[in-house]
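The exercises below ask you to work through the surroundings of two ligands, one step at a time. Please keep the sequence and the coordinates at hand while you follow each solution.

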Amino acid sequence: MLNIFKSKKEFNQDFDLDMNNIPNHIAIIMDGNGRWAKEQNLPRSMGHRAGVETIRRILKEATRLGVKNLTLYAFSTENWARPKDEVGTLMKLLVTYLKKELKECHENGVRMNVLGDTSKLPKECQNALEEALETTRNNTKINLNFALNYGGRNEIVRAIKLINSDIKNGKLNEEDINEALVEKYLYTKGIPDPDLIIRPSGEQRLSNFLLWQCAYSEFWYSDINWPDFKEKDLRKAIADYQNRDRRFGKVK
Ligand code: IPE
Ligand code: IPE
Ligand code: MG
């Protein structure tokens with residue numbers, strides 16, 4: 001199989017990127033698989049399949065550009081409300097992706113991580129994730145975080161419960177609670193906030209993604225459906241990001 005990380009394709013100069021200002025953390029809401037499939041009279045499952053191919057390409061491009069954290073929203077806490085067979089397809093695709101890509105990801109320094117409550121995922125997914133996380137745990141080139149059974153509100157409620165229980169069992173005092181402490185109780189513990197959040201497919205909403213972490217993220221939307229999202233689209237998003245003035249509430 002073609003090694004996606006080592007393709008000889010020329011580095012594309014289409015966008016004049018400042019390599020010293022590559023976002024440290026890019027988070028993507030991978031949306032539009034269903035609409036992509038509909039456009040071509042294919043079942044939704046084919047859209048999800050095509051979406052997996054985009055993951056391979058975008059991971060490779062993000063790695064090449066020096067992005068250190070890439071978070072992909074793959075399944076939300078609300079996505080359980082979809083038809084059972086679609087949920088099943090998504091779970092199966094995840095297992096296939098992990099099994100197929102693990103070796104190459106590992107060889108290229110990808111560290112895999114999960115955000116979300118994996119205990120509710122099918123056992124097969126849990127096992128594949130466990131293997132992927134364990135195999136890649138010491139890699140440092142790029143962190144690839146899959147948001148799976150992830151919901152921003154669920155994450156915050158969970159943090160509140162964990163903090164409460166640590167206060168009850170004497171590990172914490174109420175006075176210790178501050179923003180830095182809350183962050184330690186989120187799924188994203190230790191991961192910097194996303195600099196750039198990308199949502200393809202034309203929707204301009206967060207859909208319960210990284211609610212706490214997006215306080216100062218830059219948003220970038222595109223009408224392209226995820227299966228059609230290409231490396232150049234990632235470069236375009238980064239180029240736009242580099243033209244933004246991030247003030248963080250201050251005066252320049
Ligand atoms: C994203 O594509 C995949 C998941 C949400 C899991 P969609 O399935 O939401 O595609 P659309 O929005 O129906 O086009
Ligand atoms: C967000 O997409 C979730 C993922 C991409 C995993 P949705 O398609 O579920 O979001 P809505 O329903 O359009 O807000
Ligand atoms: Mg959608």
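**Exercise 1. Describe how ligand 1 is held by polar contacts and how far it is covered.**

Begin with the backbone, where an N or O atom of G32 lies 3.4 Å from an oxygen atom of ligand 1; the model is a predicted one, and the distance is computed from it. Continue to G34, whose backbone also supplies an N or O atom, here at 2.9 Å from an oxygen atom of ligand 1. Then turn to the side chains, among which R44 places a polar atom 2.8 Å from an oxygen atom of ligand 1. Each of these pairs falls within 3.5 Å, the cut-off for a polar contact. To finish, consider the area: ligand 1 on its own exposes 370 Å², and the protein buries 87% of that.

**Exercise 2. Work out which residues and elements make up the shell around ligand 1, and what kind of space the ligand takes.**

Start from the count, which is 13 residues surrounding ligand 1, with D31, G34, R35, R44 and R82 as the closest. Sort the shell by residue class next, and you obtain three nonpolar, five polar and five charged residues. As for the space itself, the part taken by ligand 1 is the largest pocket. The elements that give two or more residues to this shell are α1 (33-39), α2 (44-65) and α3 (84-107). The largest share comes from α1, with three residues.

**Exercise 3. Carry out the corresponding analysis for ligand 2.**

List the neighbours before anything else: the residues around ligand 2 are I29, M30, D31, Y73, A74, F75, N79, R82, R199, R205 and S207. By class, this shell divides into five nonpolar, two polar and four charged residues. Strand β2, which spans residues 69-76, gives the most to the shell, namely three residues. Ligand 2, too, sits in the largest pocket.

Now examine the polar contacts made through side chains. An N or O atom in the side chain of N79 is 2.9 Å from an oxygen atom of ligand 2, while the side chain of D31 has such an atom at 3.2 Å from a ligand oxygen. The side chain of R199 likewise brings an N or O atom to 3.3 Å from an oxygen atom of ligand 2. With regard to area, the protein covers 78% of the 390 Å² that is accessible on ligand 2 alone.

**Exercise 4. Relate the UniProt annotations to the pocket.**

Take the "active site" annotation of the unreviewed UniProt entry, which covers D31 and N79. These residues are spread over 49 residues of sequence, yet they cluster in space, with a largest C-alpha distance of 12.0 Å. Both D31 and N79 are included in the lining of the largest pocket.

Proceed to the "binding site" annotation, for which the unreviewed UniProt entry lists D31 and E218. From this set, the lining of the largest pocket takes in D31.

Lastly, locate D31 in the fold, where this residue is found in the loop between β1 (25-29) and α1. Bringing the steps together, D31 is among the closest residues to ligand 1, belongs to the residues around ligand 2, and carries both the "active site" and the "binding site" annotation in the UniProt record.

Definitions and conventions: Residues are numbered from 1 along each chain as its sequence is written. Chains are lettered from A and ligands numbered from 1 in the order in which they are written. This is a predicted model: local features need pLDDT of at least 70, side-chain atom pairs count only at pLDDT 80 or more; totals for chains, interfaces and linings use all residues. Side-chain values use heavy atoms; hydrogens and water are left out. A residue is near a molecule or strand if one of its heavy atoms lies within 4 Å of it. A polar contact is a pair of N or O atoms within 3.5 Å; within protein, one must be able to donate a hydrogen and the other to accept it, and residues adjacent in sequence count only if both atoms are side-chain atoms. Accessible areas come from the Shrake-Rupley method with a 1.4 Å probe; for residues, only the protein chains shown count as cover. On a 1 Å grid over the protein atoms alone, a cavity is a set of points where a 1.4 Å probe fits but cannot get out, and a pocket is an open set with protein on both sides within 12 Å along at least five of seven lines; lining residues have an atom within 4 Å of a point. A molecule sits in a cavity or pocket if more than half of its atoms lie within 2 Å of its grid points. Helices (H or I, at least four residues) and strands (E, at least two) are DSSP runs, numbered from the N terminus. Ala, Val, Leu, Ile, Met, Phe, Trp, Tyr, Cys and Pro count as nonpolar, Asp, Glu, Lys and Arg as charged, and the others, Gly among them, as polar. UniProt positions are given in the numbering used here, feature names are shortened, and annotations may be inferred rather than shown by experiment.
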